[in-house]
Amino acid sequence: MISINKVENEAEKFIYRSAGELLSSRIEKNETTFEEALEEILNKYKNEVTDKENLRNFLMENISAYREQKDGSTIFDKKLINSKWWSEFKKNEKTAYWDRYEKYLIESKNWKRIIIKRSTDKVTDNIMNFISNPLTGEGSEKRGIVVGYVQSGKTSNYIGLINKAIDAGYKMIIVLSGMHNDLRSQTQSRIDEEVLGYESIYSCSEQNEIINRIGVGNIYFNGNMVQSITSRDNNGDFDKKKVNWSFTFNTPTIIVTKKQSSILKNIIKNFKKNPNTVNKNGNKVIGSQYPLLLIDDEADQASINTNYEFDENGDIVNEEDASTINKLIRELFSLFECRSYVGYTATPYANIFIPNDDKLNNVGNDLFPKDFIISLPKPSKYIGAKEFFGSEENEPMPLTRIIKNDNFVKNGNRVEIVITDELKKAIMSFIINIAVRNCRGYNRKPNSMLIHVDRRKDSHKRIYPKVREYYESLQEMLIDGDDEIIEELKQIWDDDYKKTTLEMKENYSKYMEDIEYIEWSIVYDEIIKIVEEDQIDICMINGDSKDSLMYKEHEGEIYNVIAIGGDKLSRGLTLEGLSISYFCRSSKMYDTLMQMGRWFGFREGYADLCRVYVTQTLFNWFKIISDATEDLRDQIEYMADSNYTPQEFGLKVATSPELKISNDKKIKTGTIQYLNFSNNFTQTRDFDLDKQTYNHNFKVTEEFLLSLGENDENFVEKTLQRKSNKNYLYWPDVNGVKVAEYIKNFHTSRYANKVVSLNISNYIKNQLKYGGLINWTVCLVNIGEKQIKIADKTIGQGITRSDSGCIYHEDKNVCSLQTLTSKDHEYLDFTLEEKEKADRIRKNKKSISDKNINRYIRSQVRKRENGLLIIYPIDCFDEKKEGTYKLKIGDGNHSTPIGLAIVFPDNKEYGELVSYTLNPIASRGEGYELFD
């Protein structure tokens, strides 16, 4: 397939873009089918392009990208359900900054409009509706967080948000960008190019010069200038010199700054001195006519208050003792009457453990995202942890290489440096990669190799000369035509590259578009050119080195770099064209380790060339973290589907005995829980008094029962060999996969702690892998005088419970039934033989309590393959009967509430015992959800 990048005629490129935008528009409006829209547009432009088939392929790629791209998941406070201020604003007003940014993404970065719409425009529209409305002139505070993937385009998302915020009237934009100058400078460069339209290193008087226009400024230069107080220069942060600067808040202003105490103090001092700042109630404040958007990039780093202490009841003590950066961010945020905080992170583990009710007297609320939480969709063609390291469901791509002999051996406080064959192979592979990319037409694009083995600067100083020495000797041997080294390169090509490229083409074709096979002789000629022209730089990147990654300065030029470093390369910083990563730095924390994965991201045109060298231990750890992260995203998606709010945002992170979720100080509020349903009789006791939940659960239950076909009317007679005195409906021999999916789709109470449908579904799926819970009996309870219809069956209205058995929770939005079940319900699926065995056990164990005898019977009688699911319709409509009428909402214009009880056999220690750390909201349940 030929991409638009290879269409040389500019007029024809315009036709391609126009056709793509028209297709996108037709699809967005649901005016026609994909196929009809495609043919219509092809006919419209068939005489205006030289290759109609190439245009077809281009448009098909747009359609594929649209179909693949999912929407993100959004959780928001119910008070914001009707907040559409931004959507209304953009209908009637110009959005000049957003419009030119979108145009820039299409024309300069070749993004597909259809992808921009779904992954950036739609998400940032949601965020804008959720943050404070600057048009009202009133004080307001909103806080939220956006969860993305490592190296997945979070910066593009918040740059889109910044452009829209300027259009809407936000006057102050502050971006908190990491801890190091390199990352801050990199972020400022992006904002220069994609918001300002000029280079911030120039003075204000030079900003109107055409020579200074970059990025969006080359599309058109907005007359309503945005001023930047910081610049992309490495020393361009808000230093002491700027404390006494005077600037107006009437002009939209951007500050890109590090999360360092001295810098944050400088900004606070300047703002307090600003003429626009006034005294209110003894405090310095900036009026609501100057709204603030505070974007916290890498929001889990430094921003978290690690000084929390708790008493025996779990209440916060020492509230005034917030950690320094956290306190300064809150103080800065609180200076503005109209303010919005939006955190961005790919590793939100620590953020979900922020207490949601902490407030300091002088600096306001903590940064818990009380108003909204958004999980960004996984971008098309993104290669992340699941792709590199696999998951429970997916094999990894063939891109990792195991370091069998770790050549960086820690000896006390030193790292012994030996350049072993594995690192040599990694460096030779990097040379091959540069040559292949050049042959594929990317010879003016940067190429990077990462060597990250230790955080200590002393180690970097000793690794650097060793790597340089080896590379220079390799360079000399290649120039001299050394047969042995040439044969070694050829062997890497034959044994690794040919095989990997073929496998990627066969199994991961969407990442391999436009990639053609290249003969070794052509690649070898390019390798010789690279080494003869000395095209590879070796840099040491840390706080002591003068080296830095100069991608911006070498744009459009040959720039190939081997970067050796530690912390500076471990978070946020993008290594452009990264294809070889040699990584053996050990960290046992989820967030730290995942953020070190600089190799995640987009690798268009060279996915097959990427290699990650890690030890087997690190490979296993990354897979554990990948699974835990996907599990967390599933929870966010589940909670979004269930209409939970952030205040009901009960989340948990799967733990590992080998690893930590984060720094212990960041997750003090977490509690450990093992989600093991083995040998339990579990039921949904708590019911959210919510029409949408009632209607949803009734609907998914009906769909599930219909999928099972006809019920077995003779089930009781066949199993117990006697007549039944109840009219319950039974479906035997139901596949465990169906049950797991039904339960996953069922919305349990947001108040529930352990009995959460996602937890139960995951447990069943885990057992299925080990031969457990493969066979289920489903029972629909049929009781009550009045009748309802469900799944083409007419049954009783449902169970009723007494008033004492139905208790409102404190907020009156949740009602608990003390029990759904009746005596012996857990044995409804037992055969006659099993029932007789259970009776004998009960007779012989009279001294054992009912609870323990039931557990004992399950362990001795119920086979680990067999589960029982009992579905209880609940009669809540007859107010003459005390009790379950409390579940009725308003006039009763809703479906019958549905409760579930599930009997789990003893798993006999098969399967994986998964433990979780729960945040305070998730651990607030009543503790009686498991019933025996």
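Visitor: In which helix is the place of E637?

Guide: This is a predicted model, and in it E637 belongs to helix α17, which covers residues 616-641. The chain as a whole has 23 helices and 38 strands.

Visitor: How is the exposure of a residue such as E637 to be read, and what is its relative accessible area?

Guide: A residue counts as buried under 20% relative accessible area and as exposed over 50%, with partly exposed in between. E637 has a relative accessible area of 40%, so it is partly exposed. Together with E393, D634 and D641, E637 forms a negative surface patch.

Visitor: Which residues gather in a patch of positive charge on the surface?

Guide: That patch brings together K240, K265, K269 and K273. K269 lies in helix α9, residues 261-273, and is partly exposed, its relative accessible area being 49%.

Visitor: Which residues make a nonpolar surface patch?

Guide: I672, Y674 and L913 make one of about 350 Å². I672 sits in strand β26, residues 671-674, and counts as exposed because its relative accessibility is 56%. For the whole chain, about 39400 Å² is exposed, and carbon and sulfur atoms supply 44% of that area.

Visitor: What share of the residues counts as buried?

Guide: Of the 932 residues in the chain, 59% count as buried. Y45 in helix α2, residues 34-45, may serve as an example: its relative accessibility is 10%, so it counts as buried.

Visitor: Which residues does Y45 touch, leaving out those up to four places away in sequence?

Guide: Y45 touches I15, S18, A19, L22 and L55. I15 is 30 residues from Y45 along the chain, while their C-alpha atoms are separated by 7.5 Å. As for the chain in general, among contacts between residues at least 6 apart in sequence, 79% join residues at least 24 apart.

Visitor: How many salt bridges does the structure hold?

Guide: The structure holds 35 salt bridges. One of them joins E194 and R190, with the closest N and O atoms 3.0 Å apart. Both residues lie in helix α8, residues 181-196, four residues apart, which is about one turn of the helix. E194 is buried at a relative accessible area of 1%, whereas R190 counts as partly exposed at 25% relative accessibility.

Visitor: Why does the salt bridge of D496 and R401 tie together parts that are 95 residues apart in sequence?

Guide: The side chains of D496 and R401 meet at 2.8 Å, N to O. D496 lies in helix α14, residues 483-507, and R401 in strand β16, residues 400-402, so the pair links parts 95 residues apart in sequence. D496 also forms a salt bridge with R611, where the closest N and O atoms are 3.0 Å apart. R611 lies in strand β24, residues 611-614, so this pair ties together parts that are 115 residues apart in sequence. D496 is buried at 5% relative accessibility, R401 at 17% and R611 at 0%.

Visitor: Which residues are linked in a network of salt bridges?

Guide: K90, K117, D121, D125 and K164 are linked in such a network.

Visitor: How is the phi of a residue to be read, and what is the phi of D534?

Guide: Most residues other than glycine have a negative phi. D534 is not a glycine, yet has a positive phi of about 50°. D534 lies in the loop between α15 and β20 and is partly exposed, at 46% relative accessible area. A791 also has a positive phi, near 55°. The loop between β31 and β32 holds A791, which counts as buried at 5% relative accessibility.

How values were computed
Residues numbered from 1 in each chain as written. Predicted model: local features only at pLDDT ≥ 70, side-chain atom pairs only at ≥ 80, totals over all residues. Heavy atoms only, no water. Patch = residues over 30% accessible without salt bridge, like charges linked within 9 Å, V, L, I, M, F, W, Y side chains within 5 Å. Areas by Shrake-Rupley, 256 points an atom, 1.4 Å probe, with all protein chains shown as cover. Salt bridge = Lys/Arg side-chain N within 4 Å of Asp/Glu carboxyl O. Lys, Arg positive; Asp, Glu negative; His and termini not counted. Charge placed at Lys NZ, Arg CZ, Asp CG, Glu CD. Helix = DSSP H or I, 4+ residues; strand = E, 2+ residues; numbered from the N terminus. Buried < 20%, exposed > 50% of the residue type's maximum accessible area, 1.4 Å probe, protein only. Contact = heavy atoms within 4.5 Å.
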